[in-house]
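Look at the model below and work through the questions in order. Each one can be settled from the structure itself.

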Amino acid sequence: MSNLKELYITDTNIRLDQNVVKGGILPNKISELNRTVTVVGETVVDGPVYAAKLTIENTPLNVTGAVFVQKEIYVNSDVKGEIHFMKAVGSASSIVSRAQGCKMYFNSDVNAKSVALCGAYIAGSIYADEITLENCVVIGGVFATQSLSLKNCIVGTFISPFVELDGDINLLLPSVFSVEGVNYTPSTRLFSLALSDLGSLYRHQKESPESGKIEINLQSDDLRTVLTDGGQPRTLNSYSVVGKVLAADLIDLDKFQNHFLLSAAALGPQLLKTYDLGTDADGSPAVLSPERISNFFFDILSGKISPQNIDGSFSIEQFARTM
């Protein structure tokens, strides 16, 4: 890291370049509520940020506190490098980054009216009216009140009235939901990683032979499901392999270590100590750090790591014998 200059906030509008901001950026008077913060060079904000608008023109940027803006968080499309938000990020309007060369790390939840991200890692969930994600990893859920568009993503689960899918979509949980039927391109493939041996893949070890990802058929696996919200029934389309996962009573899921891995990913930098999943292929500990976990899921997204397939079929006779 460069020798950054410590900055004390006094101006209404702020340009940050080679600065460390101690104590965060918070308004002290009414005129500062409309403050615009522009990042033009390497910056560390050691605390929370509140602004009318946050524009990022250059990296790296590291914000250790929560972030909230009235209008938008915007990353210029030509930005390259890394942006780290260590706590929750929210906007009363939009959060937008379509920069192909920029990696954004959200180590907690993201909340806005509109979210459009490319190449981002979200350790929590996303809540918005409209959500567009491309080449993103979301450990939690993606919850849109109006529309959702996913292209080549890994997400925990999703629910939205209107859904568009393109490319390979991998789910960490067995089911997803939409009010209308999902719209998808001919190249779309939807997989559930709920029965994949993620623990062994993380440790660069051989997968359990009874593990693997299950493809969800967007035509035949579409079921109408009624859910109750505050006493009001809602009818949704459910795309799920939950029956096949329940039948996996035949499998010892604990040895996959998936739950521990995903829990550590969701906690991110809030982990109070360093954990590991055991021994890596080279004999070193398979440490659970936010950086290594995010790299692991992006390797799955890019195809560098490819979980094996299982067809998800089972016989009633085999299930009955096991019970």
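Q: Is Cys102 buried or exposed?
A: This is a predicted model. A residue counts as buried under 20% relative accessible area. Cys102 has a relative accessible area of 3%. Cys102 is therefore buried.

Q: Why does Cys102 form no bond with the closest cysteine sulfur, in Cys118?
A: A disulfide is a covalent bond between the sulfur atoms of two cysteines. The cut-off used here is within 2.5 Å. The sulfur of Cys102 and that of Cys118 are too far apart for a bond, because the distance is 9.2 Å.

Q: Which cysteine has the sulfur nearest to that of Cys118, and how far away is it?
A: Cys118 is in no disulfide. Cys118 is also buried, at 5% relative accessibility. Its nearest cysteine sulfur belongs to Cys136, at 6.3 Å.

Q: How many disulfides does a search of the whole structure find?
A: A pair of cysteine sulfur atoms must lie within 2.5 Å to count. Cys118 is in no disulfide. Searching the whole structure gives a total of zero.

Q: Which residue of E16 is the bridge partner of Cys118?
A: Strand E14 covers residues 114-118. E14 pairs with E16 in the parallel sense, over five bridges. The partner of Cys118 in E16 is Glu134.

Q: How many bridges pair E16 with strand E17?
A: E17 spans residues 137-160. Ile126 has Val142 as its bridge partner in E17. The two strands pair in the parallel sense, and the bridges number eight.

Q: Which element gives the most residues to the largest nonpolar core?
A: In soluble globular proteins, nonpolar side chains tend to be buried together. The largest nonpolar core here has 58 residues, and those with the most contacts inside it are Phe85, Leu117, Leu133 and Phe158. The element that gives the most, with eight residues, is E17.

Q: How many residues are in the second, separate core?
A: This core is separate from the largest one. Among its residues are Leu193, Leu261, Ile293 and Ile305. Its size is 25 residues.

Q: About how much space lies in the largest cavity?
A: The count comes to one cavity of 30 Å³ or more. Its lining includes Leu54, Leu61, Val63, Val67 and Phe85. Phe85 also touches Leu54, Leu61, Val63 and Val67, among other residues. The space in the largest cavity is about 50 Å³.

Q: Which strands each supply at least two residues of the lining of the largest cavity?
A: The lining includes Val37, Val39 and Val49. It also includes Leu61 and Val63. The strands are E4 (36-39), E6 (49-56) and E7 (61-63).

Methods: Residues numbered from 1 in each chain as written. Predicted model: local features only at pLDDT ≥ 70, side-chain atom pairs only at ≥ 80, totals over all residues. Heavy atoms only, no water. Pairing = 2+ DSSP bridges. Helix = DSSP H or I, 4+ residues; strand = E, 2+ residues; numbered from the N terminus. Buried < 20%, exposed > 50% of the residue type's maximum accessible area, 1.4 Å probe, protein only. Core = buried A, V, L, I, M, F, W, Y, C linked by side-chain atoms within 4.5 Å. Contact = heavy atoms within 4.5 Å. 1 Å grid on protein atoms, 1.4 Å probe; cavity = no way out; pocket = protein on both sides within 12 Å on 5 of 7 lines; lining within 4 Å. Points joined across faces, edges and corners; volume = space filled by probe spheres on them. Lists of a residue's contacts leave out its neighbours within four places in sequence.
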